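User: Please examine one part closely, namely the packing of the helices, and then place it in the context of selected individual residues. Kindly state the cut-offs behind each term that is used.

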Amino acid sequence: MTTIDDDTLPQASARPKASPQADSGRLAALGAFLRAGAVFILLALLVVGFTIAQPAFINIANLMSILQAVSVVAILGAGVTVTLAVGGFDLSIGAVAASSVMAASYAMIVWHLDAYSTVPLVLAFGALIGLVNAFLIVRLKVPDLLATLAMMFLLSGLQLIPTAGRSISAGLTLPDGSKATGAYDPAFLLIGRYSILGTLPVSVVLMAVVAVALFILTERTRIGRLLFATGGNEVATRLAGASTVRLKTLAYVISGTLAALGGIVIAARVGRGDVSSGGSLLMDSVAAALIGFAVFNLRRPNVLGTIAGAVFVGVLLNGLTMLNAPYYTQDFVKGAVLVGALALTYGLGRSNPQFQGRKT
């Protein structure tokens, strides 16, 4: 006959039940995970969805094409990120990139310079523009948005003057009636067109180098901590002994130099100085930098987040193109997805009291 030991009854009834606090903790942890990985979760969903709809999307050639397409936006966005870190904002970055395209083309086609002279010259041009921006903002106390907006208009007009508004290509007729007899250096074109081992584009390598270098600078060095400290509380940073003037100048010089690097990549890719080459660079690079705030739920400028934001937008646009989505709907879809990602990151749990205890 089977008997029940009386001692087992209290033990069974004494098993702990899940407490409301434990459930709340799990929900808070889930909310934190979703906020931190919202962009990556949506990116994974986009990749899976586009692959199901169009299997060719996942081909390595197409993935490299996406990275190559977003490399310039990511490089420019990294420059914007550095200026955001010091509490500034660089509206001239698209104009600097476009002017760099024209400057590189003019140097080779009109001045007959080779790639080894053109690249340092254009990078120095970008650094000089960043230095002028810093002078206006730091020394003359012009608000950053006004200073860089003025520089944007100045460069947009300046780049048209040497060629009387014409794009620059071989055989260009100059304003004085003479013909430009120079040509693009084949070594220069490799920057935008060559792929290592036939797979990895040089521009993607440049994007990765910029990302790693700036990540180390901003996240692993004292200078990086001071950059963020300047953006958080400039007065306190200055009282602590740091030179906020030098830090802001460094940020804008980096931004201008990276914009020039992006212009070099564009010029090497298209092989001509197109006067309309920088049309959408400003908005796309700013969007990538601001999406970066949502990555890992950091809610501050960060370079890796900016790169992730650029890739996110690139994957979305490439997938819509492969699905033959009308061009006039792409901006709407891009905006809707971005709003969803940012709302998930910033809004999740704000209206639910269970999440109020887990604030970042």
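**Helix packing and selected residues**

Analyst: Helix α12 passes α13 in a right-handed crossing, a crossing being right-handed if the near helix is turned clockwise from the far one by less than a right angle, and left-handed if it is turned anticlockwise. The model is a predicted one, in which local features need pLDDT of at least 70 and side-chain atom pairs count only at pLDDT 80 or more, while totals for chains, interfaces and linings use all residues. Residues are numbered from 1 along each chain as its sequence is written, and side-chain values use heavy atoms, with hydrogens and water left out.

Two packed helices are described by the angle between their axes and the distance between the axes. Helices are DSSP runs of H or I of at least four residues, strands are runs of E of at least two, and both are numbered from the N terminus. Axes are lines fitted to C-alpha atoms, for helices over the stretch in contact, and angles run from 0 to 180 degrees between N-to-C directions.

For α12 (residues 281–291) and α13 (residues 303–322), the angle is about 120 degrees and the axes are 7 Å apart. This angle makes α12 oblique to α13; angles under 35 degrees count as roughly parallel, over 145 as roughly antiparallel, 65 to 115 as roughly perpendicular and the rest as oblique. On the α12 side, A288, A289 and I291 take part, and they meet G305, T306, G309, A310 and V313 of α13; contact means heavy atoms within 4.5 Å. Five residues of this contact are nonpolar, three are polar and none is charged. In this classification Ala, Val, Leu, Ile, Met, Phe, Trp, Tyr, Cys and Pro are nonpolar, Asp, Glu, Lys and Arg are charged, and the others, Gly among them, are polar.

Helix α11 (residues 244–270) takes part in a packing with α8 (residues 202–220), at an angle of about 170 degrees and with the axes 11 Å apart. Because of that angle, α8 is roughly antiparallel to α11. From α8 the contact draws on S203, L206, V210, L214 and L217, and from α11 on I254, L258, L261, V265 and R269. Eight of these residues are nonpolar, one is polar and one is charged.

Helix α7 (residues 186–193) also packs on α11: their axes come within 7 Å and cross at roughly 105 degrees. These two helices are therefore roughly perpendicular to each other. F188, L189, I191, G192 and R193 of α7 touch I264, V265, A267, A268, R269 and V270 of α11. The class count for this contact is eight nonpolar, one polar and two charged residues. Both V265 and R269 of α11 thus appear in the contact with α8 and in the contact with α7.

These packings belong to a chain with 14 helices and two strands. Of its 360 residues, 44% are buried, where buried means under 20% relative accessible area, exposed over 50% and partly exposed in between, with a 1.4 Å probe and protein chains only. Among contacts between residues at least 6 apart in sequence, 75% join residues at least 24 apart.

One of the buried residues is T148, which has 0% relative accessibility and sits in helix α6 (residues 144–158). Beyond its neighbours within four places in sequence, T148 touches F89, D90, L91, S92, N133, I137 and Y252. A polar atom of the T148 side chain is 3.5 Å from the backbone oxygen of L145.

L200 lies in strand β2 (residues 200–201) and, at 33% relative accessibility, is partly exposed. Its contacts outside the four nearest places in sequence are M64, Y194, S195 and V205. M64 is 136 residues away along the chain, yet the two C-alpha atoms are separated by 6.7 Å. I60 is 140 residues from L200 in sequence, with 9.8 Å from C-alpha to C-alpha. I60 belongs to helix α3 (residues 60–85) and is exposed, with 53% relative accessibility.

Two loop residues complete the account. Most residues other than glycine have a negative phi. H112, in the loop between α4 (93–109) and α5 (115–139), has a positive phi of about 60 degrees. K141, in the loop between α5 and α6, has a positive phi near 65 degrees and is exposed, with a relative accessible area of 64%.

Note on methods
A polar contact is a pair of N or O atoms within 3.5 Å; within protein, one must be able to donate a hydrogen and the other to accept it, and residues adjacent in sequence count only if both atoms are side-chain atoms.
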